[in-house]
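Here is a short briefing to read alongside the sequence and the coordinates. Please keep your viewer open as you go through the topics.

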Amino acid sequence: MIAKLARLLKHFIILFVVCLITSGCVNYDVGVQFDSPNGGAIVQKIQLDDRLLTSGTSQTWLANIEQRTRKLQGKIRKVSSNEIIATIPFSNGQDLEKKFNEFFSTELAAKVRGKKSLELPKIDSKFVVQQGNFIVLERTRLIYDIDLRSLGIAADSPISPNSLLDLQFSVEAPWGAQSLNRTKNGVVIPARRNGKQLIWTLQPGVQNHIETAFWMPNPLGIGALVIAAIVAAGIFFKKQQPVTVS
């Protein structure tokens, strides 16, 4: 009887922590938006349940997110009393990879933690950006690994983690993106499309792996080809002019 009560109490503690972070009490959407090969933004939308607005832990967590965003030259917009949007701009693929990994690193979270303690479940993530230049086009491949096993619920719990957590990751590109996810450990990791945006629902309690790729026009390559075409046309027409003999 005591063991059963202990397991039940453990389930409630896990549920409480999860609810404060990313459960049905909190909607957390992380998106990467590309405007061009040389610009875009990391956009995070966080919406708290009204019941958590007075929670000291949730307020400390939001303050921590705001400090980390500003430390990476980002901006915070308060949509309402319980919803904020954090936007961090990036100038190229290398800058995106650096800022994304730095924002979600435990080192940065510790630096801006301040006087108030913030004890959250450990979540490891790694974001990789690979880009290839094909003169007038540029191909970008994103690889995202995030370990959410610390947010899982015990197997014998009557509560399903998928019914508690609402974590989403999305990628938006000018020409749309393509999911490269096949099967991983026998499970298909799906993505849904919304216009030019691909959206994945992250699964708590497991390691999530996402791969996507997309093409974008390369302004520098296009400009170089236009200049080369103009020069070639000038040379051609110059050769076509008759030579006058005086």
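What follows covers confidence, aromatic pairs, strand pairing and salt bridges.

This is a predicted model, and the mean pLDDT of the protein is 77. A search of the whole structure turns up 13 aromatic pairs, and the structure also holds four salt bridges. Among its strand arrangements is an open sheet of four strands with antiparallel pairing.

**Confidence**

- Of the residues in this protein, 65% reach a pLDDT of 70 or more.
- Residues 4-18 are a stretch to view with that in mind: pLDDT stays under 50 there, and the model gives these residues 13 contacts beyond four places in sequence.
- Residues 154-164 also have a pLDDT below 50, and this stretch has 17 contacts in the model beyond near neighbours in sequence.

**Aromatic pairs and the ring cluster**

- A good place to begin is the aromatic search, with its 13 pairs. One of them is F100 with F127: the ring centres are 4.2 Å apart and the planes meet at 20 degrees, under the 30 degrees used as the limit for stacking, so this pair is stacked.
- F100 belongs to helix α3 (residues 93-103) and F127 to strand β5 (residues 124-134), so this pair links distant parts of the chain, 27 residues apart.
- Are F100 and F127 buried or exposed? Both F100 and F127 are buried.
- F100 has a further ring partner in F169, with centres 6.3 Å apart and planes at 90 degrees, so this pair is edge-to-face.
- The pair of F100 and F169 again links distant parts of the chain, from helix α3 to strand β7 (residues 167-172), and the two residues are 69 apart. F100 and F169 are both buried.
- Which residues make up the aromatic cluster? F100, F103, F104, F127, Y144, F169 and W200 form one cluster.
- F103, a member of that cluster, also has a charged neighbour: the charged end of R68 sits over the F103 ring, 4.8 Å from the ring centre.

**Strands β2, β3 and β4**

- Strand β2 (residues 39-48) and strand β4 (residues 83-90) run antiparallel and are joined by eight bridges. In this pairing, K45 has I85 of β4 as its bridge partner.
- Strand β3 (residues 75-80) also runs antiparallel to β4, with five bridges between them. Here I76 has A86 of β4 as its bridge partner.
- How many residues lie between β3 and β4 in their hairpin? The hairpin has two residues between these strands.

**The four-stranded open sheet**

- The strand order in this sheet is β5-β6-β13-β8, with antiparallel pairing.
- Strands β5 and β8 (178-179) stand at the edges with a single partner strand each, so each has one side without a neighbour in the sheet.
- Inside the order, β6 and β13 run antiparallel and are joined by 11 bridges. One bridge pairs L142 with T212 of β13.
- As background for viewing these strands, side chains in a regular strand alternate between the two faces of the sheet.

**Salt bridges**

- The general idea is that side chains of opposite charge can pair when their charged atoms come close. There are four salt bridges in the structure, and three of them are described below.
- E66 forms a salt bridge with R70, with the closest N and O atoms 3.0 Å apart. Both residues lie in helix α2 (residues 56-71), four residues apart, about one turn of the helix.
- E66 has a relative accessible area of 24%, so it counts as partly exposed, and R70 is partly exposed too, at 45%.
- E211 forms a salt bridge with R141, and their closest N and O atoms are 2.3 Å apart. E211 lies in strand β13 (residues 207-217) and R141 in strand β6 (residues 137-147), so the pair ties together parts that are 70 residues apart in sequence.
- E211 is buried because its relative accessible area of 15% is under the 20% limit, whereas R141, at 27%, counts as partly exposed.
- D147 and R149 bring their side chains together in a salt bridge of 2.6 Å, N to O. D147 counts as buried at 14% relative accessibility, while R149 is partly exposed at 49%.

Note on methods. Residues are numbered from 1 along each chain as its sequence is written. This is a predicted model: local features need pLDDT of at least 70, side-chain atom pairs count only at pLDDT 80 or more; totals for chains, interfaces and linings use all residues. Side-chain values use heavy atoms; hydrogens and water are left out. Rings of Phe, Tyr and Trp (its six-membered ring) pair if their centres lie within 6.5 Å; planes under 30 degrees apart count as stacked, over 60 as edge-to-face and the rest as tilted. Buried means under 20% relative accessible area, exposed over 50%, partly exposed in between (1.4 Å probe, protein chains only). A charge sits over a ring if NZ of Lys or CZ of Arg is within 6 Å of the ring centre and within 35 degrees of the ring normal. pLDDT is the predictor's confidence in each residue, from 0 to 100. Contact means heavy atoms within 4.5 Å. Two strands pair if DSSP finds at least two bridges between them.
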